Amino acid sequence: MTIVNQLSRAFPKGIVLTSKENTRPFECDGLSVYRQKPLAVVLPDDIVQIKQVLKICKINKIPVVTRGAGTGLSGGATPLEKSIVLGLSKLNKVKLIDVENQLAVVEPGVRNIAISEAVAQYGLYYAPDPSSQIACTIGGNVSENSGGVHCLKYGLTVHNVEAIRMLTIDGDELILSCQDDGLGLLALMNGSEGLLGVITEVTVKLTPNPAFVKMVMAGFDSVRDCANAVTNIIKAGIIPAGLEMMDSFAIKAAEGFAKVGYPLDAKALLLCELDGIQTQVQLELDNVLKILSGASTLKVSESEEERLNFWKGRKSAFSAVGTLSPDYYCMDGTIPRRHLADMLEKIHKLSKKYKLRVANVFHAGDGNLHPLILYDANVTGELERTEEFGTEILKLSVDMGGTITGEHGVGVEKLNAMCHQFNTQELEIFHKIKHVFDENSLLNPGKAVPELHRCAELGAMHVHRGELPYPELERF
Amino acid sequence: MDSRLQQLQILVKESSSLHIKSTLLDYSGIVEYYAEDLVISVKAGTSIAQIKKQLKINNQALSFYTDNEDISIGAAYAQGAQDLSDCVLGVKIIDGTGTYLNFGGQVMKNVAGYDVARLLVGSKGKLALIMQISFKVMPATYINQLTPPIKRKNNSVLHQQIEKKLKQVFDPRGIFN
C-alpha cells in the first residue's frame, strides 16, 4: 500500500490532502521561486495524530516537512520531492496564561500576534515581532528563531522562549526548559529549521507593555551620516526599542505606497523608537535629539497615531518595493554595526556592476540588512544575475565578521552561502548533530546545512595547509 | 595562529584523557571590544573581574549574574545558566579531535547553522575546550538587579541519551572527563 493510502486510511476525512488542487497552496512557502508538490499534506488535529504521521513516515522512510503558516522566506517549508508536509496550523489554542510569572503556554500553530492579543487584557505582550506576525505561527518562529524590529532591546525568539515540548522522529516526547542544567538543548532547537524534531507546545515569556513610547524620525543628506548616527546613539548608552534605517529608494517607495510623510529628498531615513517609563524616555529622547541635530529633517511623534504612522511606512516597505518591480529578492545578511556605511557603499557599487536596482531596508540597531534586489524573472538571466549579486552581498557580510542570515534562516535558499561561512569540519559537526536526533534523515532533510560535496563543487572550500580536505570526494 | 592555541591542539590530539580547567588553558585576555557594537570577545581564561573592569570604562556591563568574579569566563560558560546563554554571540573551541572550530560570531542576529555557541553553554568541560567567547554587553544603566538563575536537572532518560550522543559528536574519543 502506498504511503498516501496508508495516511488516508489512518485518519478521518479532511486530515489528509492529496488532490492537486488541495495540495497546491503547500507547494512553496514565502520564497515562492522554489516549488515542489508533496505526496500529501497532513493537517492533524492533535498530538496523537502527529505521532501517527511520524510513525507512518518512519516505517516508509518518507521525509517529513513540518510547516506552520508557510510565511518563511528561505524555503524552510518548501516540500521535498516525495515528502509529506505536516501542517500544524490546526493546533492553534492558547492553553494557559500565567499572568503572575508572565508566561503563556501555546500550541505550535498559534499565530504570533494572537499571543499578544490573548494577553493584552493583562497589560502584557509577546515581544518578538517578525513582519509576518499576523500570519506566522509560534512553532515556525521557534524553528527559525525569528526576529523582528524590536530585537535590540527585547531579543530574538530564543530569548523569549521558556520551554518547549517536542516529538522526535521516533514519536518520543522531549520537554526542554531554559532552567535545565547541562547542555543548551532548548537554544539548539531554536532556529533548527525543522531538522531535529516537531515542536508540539511552546511556553513563551511575556513582556509588560511599556508605559511610554516615542518615535523619532530623522532624514539625512548622506547614508554615512545616518549610519554614524546609529553608532552614536548606541555609544551614548541608549538602547532604542527599535532602530530602523531606509535608503533613498526605499523611502520613495514606502512614501509612494503608504503616504506617511517621509522626507522624499533624504538620502537615508532613521526611525528610532524609545520606550519605558516616561522620565527615562524623556531623558533619552533629549539625548537622541542632540545626537541627531545634524539631520536634515527631524520629527518626534506627537501622538500614538503619528508613531504608528511612522511605522506604517517602514512596515509596508517590502510591499511598496513590490509595486515597483515584477520581482524582488530579499537578502538577510547581518554585519557588525560599525561597518554599516561601508556595506551600503559596497552594495551601491554592486548595484551598478550588476545593473540591478536595490532598495535597502534594515534593522540598523542590530546590523541586520535587508537589501531588496529588484529584478524581472521573465527577463532571461536576470534571476541568475540577482542570485550572483546576492551571493556577493552575503560573502561581504561574512568577511566583515557577520553572517549570511540574521533571521530568515538558511532553508534551501542559502545552502551555497553556508559553504562560505563554515568550513568542512564545522559543517560536519552540524550533520552529526542532526544524526543524533534523526539518524535516518527524515525530518526536512537537505535543508539548512549543505552536503559536503555541494561545497566542494562550489569550490568555496576552506583550504587548510594547502590541502583540500576529503580528497576522496568527487569534484566537478 | 597563536602558538598557545596550537600547543593546546597538539595536547588534545596527543592525550587520551584530559580534565579541563582554567589553569590548564593558560589562555586569557580581551581579544576585541567594540563598545559601540555592544560586543566583547575574550579568551576563555580571562577572569570575570578583568572583563567587568574593561567594560566599566565605557559604562557597560555583563547582563548575567555572577557570584564569583575571580573565576574565568570560560568556567562560568561551562557551568552554564540561562542569563549567560542569552548574552552569548559566538564561541571558538578545540574539539576532542584537536580541531579548532568557530560557531556564531559578533552579531546579535545570526541563524546560520545550529546554535552551537549556546548549545555548549553548560557543557562543563566534557565536550570541548572552550577557547574564546563573544558576548553581547549592555549599558550599565539598563541592567536591573541580577539574581541567580534557577537550574534544575532534567531527569528524562531521552534527555540524558541525547546529551550523551552530543558528547560523542564533539569528543568522539571520550578524552574530556
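I count two residues as in contact if their C-beta atoms, placed from the backbone, lie within 7 Å. I am working on a predicted model.

**Entry: chain A overall**

I applied the contact cut-off to chain A. Residues 24 or more positions apart make up 70% of its contacts with a separation of 6 or more. I then looked up the secondary structure and found 17 helices and 18 strands in chain A. The radius of gyration came next. It is 23 Å for chain A, close to the 23 Å from the globule rule for 476 residues, so chain A is as compact as a globular protein of that length. I also took the extents of the C-alpha trace. Along the principal axes they are about 70 × 60 × 45 Å for chain A. Of the 476 residues in chain A, 52% are buried.

**Entry: first sheet of chain A**

I traced an open sheet of 5 strands in chain A. The order is E5-E6-E10-E8-E9, and the pairing is antiparallel. Which strands are at the edge? I found strand E5 (94-98) and E9 of chain A there, each pairing on one side only. I checked the turn between neighbouring strands in this sheet, which averages 15 degrees with direction ignored.

I then looked at one pair inside the sheet. Strand E8 (residues 161-167) and strand E10 (residues 198-205) of chain A are antiparallel over 6 bridges. I picked out one partner: A:Ile164 is bridged to A:Val202 in E10(A).

**Entry: second sheet of chain A**

I found another open sheet, with 7 strands. I read its order as E15-E12-E14-E13-E17-E18-E16 in chain A, again with antiparallel pairing. Strand E15 (297-300) and strand E16 (327-330) of chain A stand at the edges. Each has a single partner strand, so one side of each has no neighbour in the sheet. The average turn between neighbouring strands here is 15 degrees, direction ignored.

I followed one pairing in detail. Strand E17 (residues 358-363) and strand E18 (residues 368-375) of chain A run antiparallel and are joined by 6 bridges. In E18(A), I noted A:Pro371 as the bridge partner of A:Asn360.

What lies across this sheet? I looked up helix H9 (residues 248-258) of chain A, which lies across strand E13 (242-247), strand E14 (268-276) and E17 of chain A. H9 runs at about 95 degrees to E13(A). I then looked up helix H11 (residues 304-315) of chain A, which lies across strand E12 (212-220), E13 and E14 of chain A. H11 runs at about 50 degrees to E12(A).

**Entry: where chain A touches chain B**

I counted both sides of the interface. 57 residues of chain A are in contact with 47 residues of chain B. Which elements of chain A give two or more residues to its side? I listed helix H6 (151-154), strand E9 (173-177), helix H7 (185-189), helix H8 (223-235), helix H15 (415-421) and helix H16 (424-437). H16(A) gives the largest share, 7 residues. By class, I found 23 nonpolar, 23 polar and 11 charged residues on the chain A side. E9(A) turns up twice in my notes: it is an edge strand of the 5-strand sheet, and it contributes to this interface.

**Entry: chain B overall**

I turned to chain B, which has 7 helices and 7 strands. From the N terminus on, I read the elements as α-α-β-β-α-β-α-α-β-β-α-β-β-α. The radius of gyration of chain B is 16 Å, close to the 16 Å that the globule rule gives for 177 residues, so chain B is as compact as a globular protein of that length. The C-alpha trace spans about 45 × 40 × 30 Å along its principal axes. I find 48% of the 177 residues in chain B buried. Residues 24 or more positions apart supply 68% of the contacts in chain B with a separation of 6 or more.

**Entry: helix H3 and a hairpin in chain B**

Which residues of H3(B) are buried? In this helix (residues 48-56), I found B:Ile48, B:Ile51 and B:Leu55 buried. They cover an arc of only 65 degrees around the axis, which puts them on the same side of H3(B). A general point fits here. An α-helix has 3.6 residues a turn, so residues three or four places apart point the same way. On the other side of H3(B), I found B:Lys53 and B:Lys56 exposed.

I then asked what covers the buried residues of H3(B). The cover includes strand E1 (30-34), strand E2 (39-43), strand E3 (60-61) and helix H4 (73-79) of chain B.

Two of these strands form a hairpin. E1(B) and E2(B) pair in the antiparallel sense over 4 bridges. In E2(B), B:Val42 is the bridge partner of B:Ile30. The hairpin has 4 residues between the strands, and B:Leu38 takes a positive phi near 55 degrees.

Technical notes
Residues numbered from 1 in each chain as written. Chains lettered and ligands numbered in written order. Predicted model: local features only at pLDDT ≥ 70, side-chain atom pairs only at ≥ 80, totals over all residues. Rg over C-alpha atoms; globule rule 2.2 N^0.38 Å. Buried ≥ 20, exposed ≤ 12 C-beta atoms within 10 Å, placed from the backbone. Nonpolar A, V, L, I, M, F, W, Y, C, P; charged D, E, K, R; others polar. Arc of directions from axis to C-beta. Pairing = 2+ DSSP bridges. Axes fitted to C-alpha atoms, helices over the stretch in contact; angles between N-to-C directions.
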